[in-house]
Structure formats: structure tokens, C-alpha cells
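Subject: Structure for your review

Dear colleague,

Please find the structure below, together with its sequence. My notes on it follow.

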Amino acid sequence: MPILKQVLPYHHDSARLFERIAHEPWAMLLDSGQMLDANTGKPGSQYGQYDIIVAKPITTLITNADATTIQDGNEVKVSTEDPFALLNQLLKRYPAQDIGVPFAGGAVGYFAYDLGRRVEKINDKNTPENIPEMMIGLYDWAVVVNHKKKETMLISHGFSQETEQNWLALTHLFQDAIKPSQSAFKVLKETQCNFSETSYCNAFDKIKAYIHSGDCYQVNLAQRFSAEVSGDSWLAYKKLREISPAPFMAYMQLPNSQNDFFQVLSSSPERFVQVIGHHVETRPIKGTRPRAEDLKQDLAYAKELQDSEKDQAENLMIVDLLRNDIGKNCETGSVKVEQLFQLQSFANVHHLVSIVTAKLKRNASAIDLLRGCFPGGSITGAPKVRSMEIIEELEPNRRGVYCGAIGYIGFDGKMDTNIAIRTAVINNQQLSYYAGGGIVADSSGSKEYLETLDKASTMIKLLKFFQWRD
């Protein structure tokens, strides 16, 4: 099949394009954080070059516990095979060449943290979140927005005959008037949390005891926040990207078991793993300070973070863990630490970010790499499996999408995924999100608790904006 391309009008705000399909089943936006400056009305922060929009998948994979349901056209089958292997097999049906864009078709979706139970053996203590562990669509077309070149392209490898048959309708779809939002978004009740400060500190003390006994070096402990909501989640996401633009944002409209939809809203600053050709990159984040409105105080927080031996040590532990994880599927000797402890500042926090690169083995796929690193070490701890066991023991809820991964794997083998932090799920009129941090030997319980609130501040601000008042 020939490559299908259609130039579309460019706009710096890809939300305007996505709004045409935002309420469609399996509609997804991978958003690089390009936003208008609120004061000037001109394009402001731009973290990434590309935004990707997809809908109407040709195949879907939904994993619940040990079973994956694959709907391929009108055919439906259920498999207990490894979900990563199933996705690998499906992608191999559609071999494609790199045609100069990050994504022209392939897999898009999420891999929940709890999918890690298919990779590592972890005792099941907590009740699952009421959503699947994996939801992936295979898409035969995509809208790709290139902010650097100010270009928008509808593009496809043309594997599905329906794509070619519907091409004219697709081009019109993204040029027609925007569909209005369904209903105002409202937060109906005060936010609840599954930890009090006392219970969080009790869990913190147990982790410190495990560290001092030699069980582990670092454990990521997270608390879950939830609130009752109603209305159009897309409106909440548009406000989220205004409050806290980030380089690895995402919005997903997905079917749930009640013949309705749930939504994933991600404002993640962290890349998990990227593959371009045989080049592999991961960018772990460890080390956090809050932002301050006062410039002097803000710079002081940033310098304090950069000078912190504790935060550097915490970051280095995860860098070493990820070097080992990506090394499972990369050429011997190719794993390199390109940068350590780079300061990156976002809307609500400063972070320390490191960059690790490698060369993918010729017989390994992007999915092999993803599975070998899953779930990400920056949000489990070290050693990984023992940290995951402690997380299961001490956290009252399973994590769901939080600390899993969101992103794409193209038919051409390219991949880019985030770590799903700063991420909310809206399902059955409940919005839930998590915030956590890595605990090491010299961590302070009160400071770690406050750090989780710093990380939750974006979602707290979002919910306050939509708080319903009679």
C-alpha cells in the first residue's frame, strides 16, 4: 500500500484538533506541552516538538489479570499469553519503514503499573483499581503536529483498506467545526486520601527499618487521592495542560466495563524509554523541590536541590538500576550515562533528571526493551522486586495506571513512553491520582510527606478550580 499523506492547517494548540474526536472511543492525544502564554496570548512553553492524535483503532488489546482480549475487526479472542508478547506478535504483522515522522501508525495506549505482576512475581494484597492493566489500540493513521516546522500532517502506512476508503472523510474530520463539550466539569466533594500524615509516617518508618536491615536501598511510597466528579473530563484536561504543561502529557478516552468511558489525564515530566532505530534513551527523575512565586526563594530551592548529596545519591541508585534494566536488551558496552543530575524546572516543582543511552540489540524489539525495564525503577526503588513487594505491603491501594507507562510503539519500531506520574484517572464519577517519592536511608518522614504534597499540587489546584459551590 502507498503512504497516505494529507497536509492539515497548523495551529500551535493541538487541543483544537483533538477536540474534533475527543469523545470518540479510543481517542488519544500524546501532547508535548505546547501552550499559549497566559499573559501575551502568544505561543509560550514548548517542551517537545511533536503532538500525536489517534482514534478508530483497527485492533485493540485489553488485559485484565491473566487474560487479554484482542478485538481485531469483528474477530474477538482471549489469550492468557504474556501481554507484551501478544503486542509484539501483532506489531510484526505490519512491517514498515521509517518515513521521517515519529509515528505514522502502530500501538498507542497505557501499560498500568500492575501489569508488572506479569513480569515479576509479587504477592497480591490490595484490591485492583477498577480498570484494565493494559489498554492498547493499533492505529492505521495518525495526525502528527510538528511545532518546530509549524506543520500538521494526517499520515498512514495504509495497512487497512478502510483507511484509504475513508481518507477523504478523515481529512474533512480535522477541518470541520469543533464539537462542543458535553457538560461542565465539576468536583462535587472534598478530596479524600488513603493515608493520613500519621499513617504515612508509620509506613515510612517500616521502610526505613527495611533499609537499615539491608532488605533494600530505596522504596517509592505513594499516597492516593480521590474525589467525586461529574461532567466532561476533556475540560479538566484542557485546564490541566494550562496549569502544568509538561513534555509527556496524554489524554485518553477509553471504554470501561459499564458500557461507558473512563479517561486518563497525564501531565508527566518523565520519559521512560525511547527507541529511534537502535538508539535507546531513558531519563529518570529523582530529586524534587517545590517552586516558589518569589524568584529569590525559587532559585534558592533549585540550588538546594542541585547541591543535595542525598538527592544525588537517590538519583544515582535509579540510574544504576536502569543501566541494568536496559542492558538486558542492549549491546554489551553500549550503555552510557550521558548526563547526571541535570536541573529541570516545571510548573510546580524542580527536578533532578539524568540521561542514560544505549544501543538496542539487533534481535531485540522495542517491546522487549519495554518489558525488560517494566515497571520503571524510578517509581519502584532498588532492588526493584523487593521494593515492589514492600510497596504492595504498605500502600493501601493498587496503583493502576499511576507509575506505569503511556506512549506509542510504531509499526516502524520507534517507541516513546512516559512514566505515568502526575496522572489522574476519571472512572464512574471518581477522579483518582497519586503522589509519591523515593525513601532512602537518610530521608525524613515529615519532609517526604510534604514532597508528596508538592507533587500533588498541580492536581490539587486543578480540583480547586472546578470545586462545585451551591
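Which residues does Gln71 touch, not counting residues up to four places away in sequence? They are Ile58, Thr59, Thr60 and Val76. Please bear in mind that this is a predicted model.

Gln71 and its surroundings

Gln71 belongs to strand E5, which covers residues 67–72. With a relative accessible area of 40%, Gln71 is partly exposed, because that class lies between the buried limit of under 20% and the exposed limit of over 50%. A polar atom of the Gln71 side chain lies 3.5 Å from the backbone oxygen of Gly73. Tyr110 is 39 residues from Gln71 along the chain, and the C-alpha atoms of these two residues are separated by 17 Å.

Thr59

One of the residues touched by Gln71 is Thr59. Thr59 is found in strand E4, residues 59–64. Is Thr59 buried or exposed? Its relative accessibility is 1%, so Thr59 counts as buried. The side chain of Thr59 is joined to that of Asp72 by a polar contact of 2.9 Å. Leaving aside residues up to four places away in sequence, Thr59 touches Ile70, Gln71, Asp72, Leu90, Ile136, Gly137 and Leu138.

Ser32

Ser32 sits in the loop between strand E2 (27–31) and strand E3 (50–54). Ser32 has 2% relative accessibility and therefore counts as buried. What does the side chain of Ser32 reach at 3.4 Å? The partner is the backbone oxygen of Tyr50. In addition, a polar contact of 2.6 Å joins the side chains of Ser32 and Asp51.

Helix H8 and a surface patch

Helix H8 runs through residues 309–327 and contains Leu316. The 19 residues of H8 should span 27 Å at 1.5 Å a residue, and the end C-alpha atoms are 27 Å apart, so the two values agree. Several residues of H8 are buried, including Lys310, Asp311, Glu314, Ile318, Leu322 and Ile326. Leu316, by contrast, is partly exposed, with a relative accessible area of 36%. Together with Val337 and Leu340, Leu316 forms a nonpolar patch on the surface. The accessible area of these three residues together is about 210 Å². Leu316 can belong to such a patch because its 36% is above the 30% relative accessible area that patch residues must exceed.

I would suggest reading these notes with the structure open.

With kind regards

Notes
Residues numbered from 1 in each chain as written. Predicted model: local features only at pLDDT ≥ 70, side-chain atom pairs only at ≥ 80, totals over all residues. Heavy atoms only, no water. Patch = residues over 30% accessible without salt bridge, like charges linked within 9 Å, V, L, I, M, F, W, Y side chains within 5 Å. Areas by Shrake-Rupley, 256 points an atom, 1.4 Å probe, with all protein chains shown as cover. Salt bridge = Lys/Arg side-chain N within 4 Å of Asp/Glu carboxyl O. Helix = DSSP H or I, 4+ residues; strand = E, 2+ residues; numbered from the N terminus. Buried < 20%, exposed > 50% of the residue type's maximum accessible area, 1.4 Å probe, protein only. Polar contact = N/O pair within 3.5 Å; in protein donor to acceptor, adjacent residues only side chain to side chain. Contact = heavy atoms within 4.5 Å. Expected span 1.5 Å × (residues − 1).
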